[in-house]
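Biologist: Please take one part of this chain and go through it closely. Start from a side chain, say what surrounds it, and then work outwards to the helices and the rest of the chain.

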Amino acid sequence: MPRAKVTIPYLFDKKAKKEPITMLTCYDYPMALLEEKAEIDIILCGDSLGMTVYGYNGTLPVTMDMMIVHAAAVTRGAPTAFVIGDMPFLSYQVSKEEAVRNAGRFMQEAGTDAVKLEGGAIMAETVKAIVNAGIPVMGHIGLTPQSISALGGFKAQGRSAEAAYRLIKDAEALEAAGAFSILLEAIPPEISAIITEKARIPIISIGAGLPCDGQLLIVHDMLGFFDRFTPKFVKKYADLNGQIFQAMLQYKEEVHQQAFPGKEHTYGMPAEEMEKLHKML
Ligand code: KIV
């Protein structure tokens, strides 16, 4: 029997019961089918697809139109997971009106259950506007890839008392603005523990350690399907690149050796039809 649809009350219930929430990124239909089958709670169609799928150096070139196409494929493959559309660069920073319209596009055109955006207190009014339109918002603080230039690179955040204090205040501002959850990226677990303890909403970690209410990994990282660089917080559960590459080499070899296709991979011609054909020729 398929599980019931994952909802926000279900996620809050998991926090209350201290049952860890599982979350993975996903960008396409085949992977969504597998994440659905594995009963992952939350699926993020992340703008990290700019790097993992499109080969850019960062997430800034990703547009709303790209995100909608991918998010729609994900919701088709994962009907019971809670699917979040990641708002790309410039889709929510220019004005609250544009932010609401673009968040609405995720819900209306891609069928997502919520959206995620980067930024703390400075984004509180934007979060409020989107939430007021009936769209659930996940906040994202710490290492925020859309601000990579301002942050000076992909590095851990909140490692001084002042920076940690700002993160704690950012989390409070997002919760007060109505965010249903917050993602903490690349911050020390000591700071995640304070934020998770204070918050009534589920706090999810990507590189923020065990104290959070749930964990997120980028699916291409955890499957060993992206090896341009690997952040410290990634654990590789498979070596897809290695396996796919070996399969390709074996295919190439078998084509060269004429070991593929075998008889079992070809269509038979009935003998009497073949005889008839020879007479026709
Ligand atoms: O786009 C994404 O996958 C993300 C993660 C890096 C958290 O936002």
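**Close view of one side chain**

Modeller: The backbone oxygen of E39 lies 3.2 Å from the side chain of R3. This is a predicted model, and every distance below is computed from it. R3 sits in the segment before α1. A polar contact of 2.8 Å also joins its side chain to that of T80. Once neighbours within four places in sequence are set aside, R3 is in contact with E36, E39, I40, D41, T80 and A81. Is R3 buried or exposed? R3 is buried, because its relative accessible area of 16% is under the 20% cut-off. The charge of the residue is no guide to its class here, so the number is the thing to quote: 16% for R3.

K14 can be read alongside R3. K14 belongs to helix α1, which covers residues 8-16. With a relative accessible area of 11%, K14 is buried, because that value too is under 20%. A polar atom of the K14 side chain is 3.4 Å from the backbone oxygen of P20. Beyond four places in sequence, K14 is in contact with E19, P20, I21 and D41. D41 is therefore a meeting point for this part of the chain: D41 is listed among the contacts of K14 and among those of R3, and contact here stands for heavy atoms within 4.5 Å.

Another of the R3 contacts leads on to the helices. E36, which R3 touches, is one of the residues of α2 that meet α4. Helix α2 is made of residues 29-37, and its axis comes within 7 Å of that of α4, the two crossing at roughly 40°. The crossing is right-handed. On the α2 side the contact involves Y29, A32, L33 and E36, and on the α4 side A73, V74, R76 and G77. By class, those residues are five nonpolar, one polar and two charged.

Helix α4, residues 64-77, has a further partner in helix α5, residues 96-110. Their axes are 9 Å apart and the packing angle is about 35°. This crossing is right-handed as well. From α4 the contact takes in M64, D65, M67, I68, A71, A72 and T75, and from α5 it takes in N102, R105, F106, E109 and A110. Seven of the contact residues are nonpolar, two are polar and three are charged.

From α4 the next step is the interior. The largest nonpolar core has 72 residues, and I84, I130, L184 and I195 have the most contacts inside it. Helix α4 supplies the largest share of this core, with seven residues. In soluble globular proteins, nonpolar side chains tend to be buried together. L184 gives a view of one spot in the core. Outside its neighbours within four places in sequence, L184 is in contact with I141, S192, I195, I203, I204, S205, I206, A208 and C212. The contact list of L184 thus includes I195, which is itself named among the core residues with the most contacts.

I141 connects L184 to a charged residue. D170, in helix α8 (residues 161-177), is in contact with I141 as well as with G120 and A121, leaving out residues within four places in sequence. The C-alpha atoms of D170 and I141 are 7.6 Å apart, while 29 residues separate the two in sequence. D170 is buried because its relative accessible area, 19%, is under 20%.

E254 makes a useful contrast. E254 is in helix α11, residues 240-256. E254 is partly exposed, because its relative accessible area of 28% falls between the 20% and 50% cut-offs. Beyond four places in sequence, E254 touches A259 and F260. From E254 to E197 the C-alpha separation is 58 Å, with their positions 57 residues apart along the chain.

For the chain as a whole, the secondary structure is made of twelve helices and eight strands. The C-alpha trace spans about 85 × 40 × 35 Å along its principal axes. Of the 281 residues, 48% count as buried. Among contacts with a separation of 6 or more, 57% are between residues 24 or more positions apart.

Conventions:
Residues numbered from 1 in each chain as written. Predicted model: local features only at pLDDT ≥ 70, side-chain atom pairs only at ≥ 80, totals over all residues. Heavy atoms only, no water. Axes fitted to C-alpha atoms, helices over the stretch in contact; angles between N-to-C directions. Helix = DSSP H or I, 4+ residues; strand = E, 2+ residues; numbered from the N terminus. Left-handed = near helix turned anticlockwise from the far one by under 90°. Nonpolar A, V, L, I, M, F, W, Y, C, P; charged D, E, K, R; others polar. Buried < 20%, exposed > 50% of the residue type's maximum accessible area, 1.4 Å probe, protein only. Polar contact = N/O pair within 3.5 Å; in protein donor to acceptor, adjacent residues only side chain to side chain. Core = buried A, V, L, I, M, F, W, Y, C linked by side-chain atoms within 4.5 Å.
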